[in-house]
Amino acid sequence: MGHGHHHHVDPEAGDRRIFTAIAVNMALTVVQIAGGIFSGSLALIADALHNFSDAISLIIAFGARKIARRPKNAEMTFGYGRIEVVAALINYTTLIVIGLYLLYEATMRFANPQDVEGWIIVVIGGVELIIDAGTAALTYAMSKSSVNIRAAFLHNVADALGSVAVIVAGTLILLYDWRLIDPIVTVLIAGYILWQSFKEIGPVIRILMLGSPPDIETGAVLETVRSIDGVIDIHHAHFWQMDEHRAALDAHVVVAEGRWGDADAVKEQIKAALSERFKIEHTTLELECARHACGDPSDFGGRGHDGEPNEWVPST
């Protein structure tokens with residue numbers, strides 16, 4: 001999975017960076033909305049909504065970071081780390097709704113173009129470009145190890161590109177009085193928001209749906225386990241991600257007849273192989289002797305010893 005190289009930032013320093021980014025983005029949003037209303041620019045208001053969504057996503061990420069650091073307990077035996085994945089899902093879903101709304105508003109503007117003040121767009125767009133670049137710089141290091149912060153970072157990069165588009169639109173309005181450029185730029189901004197959101201929301205949903213880690217070839221894992229001395233078979237395997245960085249495996253392992261006395265050593269060999277080759281650090285292995293192994297086993301998922309399908313969730 002790509003667990004090996006994380007760029008860690010001190011939690012308190014990271015929190016201060018996020019708080020600063022939130023304050024700056026909220027202030028920029030207010031300025032953009034006021035400028036958009038005064039100038040009549042839908043593109044400027046569209047970018048303001050995107051900036052506001054960035055600020056909200058940063059607020060959610062800020063809260064999620066705090067919660068994720070809570071220790072494991074009897075109610076949350078895996079800890080609170082997955083809260084950041086939930087926060088990312090909320091952020092991307094909100095962005096998709098905003099993108100669709102902006103497409104609708106742009107369509108209305110194509111049917112009924114409005115007067116737009118180009119100078120206000122250019123000035124505010126320039127200020128926004130500087131602020132977006134600064135915000136992206138604040139969150140860049142943390143984006144390497146958090147799906148939450150990565151979403152916020154990518155949003156700010158998108159905002160910077162949107163600012164460039166807004167400046168171009170304002171310039172064209174000043175030079176050529178081309179009013180249709182405003183809804184055209186709005187469509188481009190909305191399209192980028194939707195493309196980015198749909199691309200990033202898939203891996204988030206995969207984690208929450210207990211999908212197997214995308215960077216692990218599950219068939220290769222089974223073959224590796226079967227190649228270990230003392231192992232006859234592995235079945236009923238369940239792969240999932242505990243959070244963005246930690247992969248897990250739950251499976252039944254059949255120990256060769258006459259090797260039951262070596263069962264603990266065999267288990268340790270399996271765990272070591274999974275950790276070294278596939279970076280799977282969390283494993284739950286149910287050992288079976290060859291004479292009493294599951295009947296009609298399947299590689300993935302499968303049935304319990306009583307022959308009834310298991311409705312499986314990660315063990316707690």
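Two residues are in contact when heavy atoms of theirs lie within 4.5 Å. With that definition in place, I should like to introduce the structure shown above, which is a predicted model. Among contacts between residues at least 6 apart in sequence, 76% join residues at least 24 apart.

Let me begin with the overall composition. The protein has eight helices and three strands. Along the sequence these elements follow the pattern α-α-α-α-α-α-α-β-β-α-β. Of its 316 residues, 45% count as buried. The protein exposes about 15500 Å², and carbon and sulfur atoms supply 62% of that area.

I turn now to the interior. In soluble globular proteins, nonpolar side chains tend to be buried together. Here, the largest nonpolar core has 24 residues. Within this core, the residues with the most contacts are Tyr92, Leu102, Val185 and Val204. Which elements give two or more residues to it? They are helix H2 (42–68), helix H3 (83–111), helix H5 (147–176) and helix H6 (181–208). Helix H6 supplies the largest share, nine residues. To take one residue of this core as an example, Leu102 touches Ala46, Leu49, Thr186, Ala190 and Ile193, leaving aside residues up to four places away in sequence. Another core, of 23 residues, lies apart from this one; among its members are Ile228, Ala251, Ala263 and Phe278.

Next, the sheet. The three strands form an open sheet in the order E1-E2-E3, with mixed pairing. Why is one side of E1 and of E3 left without a neighbour in the sheet? Strand E1 (231–241) and strand E3 (280–289) stand at the edges and have a single partner strand each, so one side of each remains unpaired within the sheet. From one strand to the next, the twist averages 20°. Strand E2, residues 247–255, pairs with E3 in the parallel sense over nine bridges. One bridge joins Ala251 to its partner in E3, Leu285. Ala251 has already been named as a member of the 23-residue core.

Finally, two helices accompany this sheet. Helix H7, residues 218–226, packs on the sheet and touches E1, E2 and E3. The direction of H7 makes about 145° with that of E1. Helix H8, residues 263–278, also lies across E1, E2 and E3, and runs at about 150° to E3.

To summarise, the model contains a nonpolar core of 24 residues, another core of 23 residues apart from it, and an open sheet of three strands on which helix H7 packs.

Conventions: Residues numbered from 1 in each chain as written. Predicted model: local features only at pLDDT ≥ 70, side-chain atom pairs only at ≥ 80, totals over all residues. Heavy atoms only, no water. Pairing = 2+ DSSP bridges. Helix = DSSP H or I, 4+ residues; strand = E, 2+ residues; numbered from the N terminus. Axes fitted to C-alpha atoms, helices over the stretch in contact; angles between N-to-C directions. Core = buried A, V, L, I, M, F, W, Y, C linked by side-chain atoms within 4.5 Å. Buried < 20%, exposed > 50% of the residue type's maximum accessible area, 1.4 Å probe, protein only. Areas by Shrake-Rupley, 256 points an atom, 1.4 Å probe, with all protein chains shown as cover.
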